[in-house]
Amino acid sequence: QRRELEEVRAELAAASCRKRDQVDEETLAEAKEASNLRKLVESLKREVSAAREESRELSRLDEERSRALSQLRVSESGSAQLREELQDSRLDLQTLREELQLLQLSRSSETENLELHDEL
């Protein structure tokens, strides 16, 4: 009986060691999984942070584009106004030239009339 008791104890001790080894392996596997999950979480946090930064940059660029378009519209408007003023100036210049020609013709006629009058 003593031998059987020792054999049972030995089997129990071996079973206990196997169970402890199994628990140790499971604990190690769980620890590895937890570590991998932590790495995955950190990686996802970095990706989210990068996406937010990219979103902020895109918003900034969109605002910059809007300002540039607004400035372009103002510039185009100013350019159109300058073109109108230039056209008006050209018309004014043409009118002045025509008036000058009429004055020159009138003066020429007056001179001719004076000469004719002097001759008479």
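Is K45 buried or exposed? K45 turns out to be exposed, since its relative accessible area is 51% and the cut-off for that label is over 50%. That residue is a handy way into the structure, which is a predicted model.

Taken as a whole, the chain has a simple make-up: its secondary structure amounts to 1 helix and 0 strands. With a radius of gyration of 51 Å, against the 14 Å that the globule rule gives for 120 residues, the chain is more spread out than a compact globule. The C-alpha trace tells a matching story, spanning about 175 × 10 × 10 Å along its principal axes. The helix in question, α1, covers residues 2-119.

Two pairs of residues help to put distances on this picture. L5, found in helix α1, and R83 sit 78 residues apart along the chain, and their C-alpha atoms are separated by 114 Å. L5 itself is partly exposed, because its relative accessibility is 43%. Further along, S66 is also a residue of helix α1. The C-alpha atom of S66 is 63 Å from that of V23, with the two positions 43 residues apart in chain numbering. At 36% relative accessible area, S66 falls in the partly exposed class too.

What about burial over the chain? Buried residues account for 0% of the 120 residues. The accessible surface adds up to about 11500 Å², and carbon and sulfur atoms supply 53% of that area.

Charge is the next topic. There are 21 positive and 30 negative side chains in the chain, and the centres of these two sets are 20 Å apart. Side chains of opposite charge can pair when their charged atoms come close. In this model, such pairing gives 5 salt bridges.

Back to K45, then. Its salt-bridge partner is E42, and the closest N and O atoms of the two are 3.8 Å apart, which fits the cut-off of within 4 Å. Both residues belong to helix α1, where a spacing of 3 residues puts about one helical turn between K45 and E42. While K45 is exposed, E42 is partly exposed, having a relative accessible area of 40%.

A second salt bridge joins R56 to E53, with 2.9 Å between the closest N and O atoms. Here again the two residues lie in helix α1 and are 3 residues apart, about one turn of the helix. E53 counts as partly exposed, as its relative accessibility is 43%.

Then there is the pair R65 and D62, whose side chains meet in a salt bridge at 2.8 Å, N to O. R65 and D62 are likewise separated by about one helical turn, because they are 3 residues apart in helix α1. Neither partner is tucked away: R65 has 47% relative accessibility and counts as partly exposed, and D62, at 37% relative accessible area, is partly exposed as well.

Salt bridges also come in a linked form. E57, R60 and E64 are tied together in a network of them.

Some of the charged side chains gather on the surface instead. D21, D24, E25, E26, E30 and E33 make up a negative surface patch. D21, one of its members, is located in helix α1. The relative accessible area of D21 is 44%, so this residue is partly exposed; that value clears the over 30% needed for a residue to join a patch.

Nonpolar side chains have a patch of their own. L37, L40 and L44 form it on the surface, and together they offer about 270 Å² of accessible area. L37 is another residue of helix α1. With a relative accessibility of 46%, L37 counts as partly exposed.

To pull the threads together, the predicted model shows a chain with 1 helix and 0 strands, and its C-alpha trace spans about 175 × 10 × 10 Å. Buried residues come to 0%. Along helix α1, the paired residues include K45 with E42, R56 with E53 and R65 with D62. The surface carries a negative patch that includes D21 and a nonpolar patch made by L37, L40 and L44.

Terms used:
Residues are numbered from 1 along each chain as its sequence is written. This is a predicted model: local features need pLDDT of at least 70, side-chain atom pairs count only at pLDDT 80 or more; totals for chains, interfaces and linings use all residues. Side-chain values use heavy atoms; hydrogens and water are left out. Patches are made of residues with over 30% relative accessible area and no salt bridge: like charges are joined within 9 Å, nonpolar side chains (Val, Leu, Ile, Met, Phe, Trp, Tyr) within 5 Å. Accessible areas come from the Shrake-Rupley method with a 1.4 Å probe; for residues, only the protein chains shown count as cover. Helices (H or I, at least four residues) and strands (E, at least two) are DSSP runs, numbered from the N terminus. Buried means under 20% relative accessible area, exposed over 50%, partly exposed in between (1.4 Å probe, protein chains only). The radius of gyration is taken over C-alpha atoms; the globule rule is 2.2 Å times the number of residues to the power 0.38. Lys and Arg count as positive and Asp and Glu as negative; His and the chain ends are not counted. The place of a charge is taken as NZ of Lys, CZ of Arg, CG of Asp or CD of Glu.
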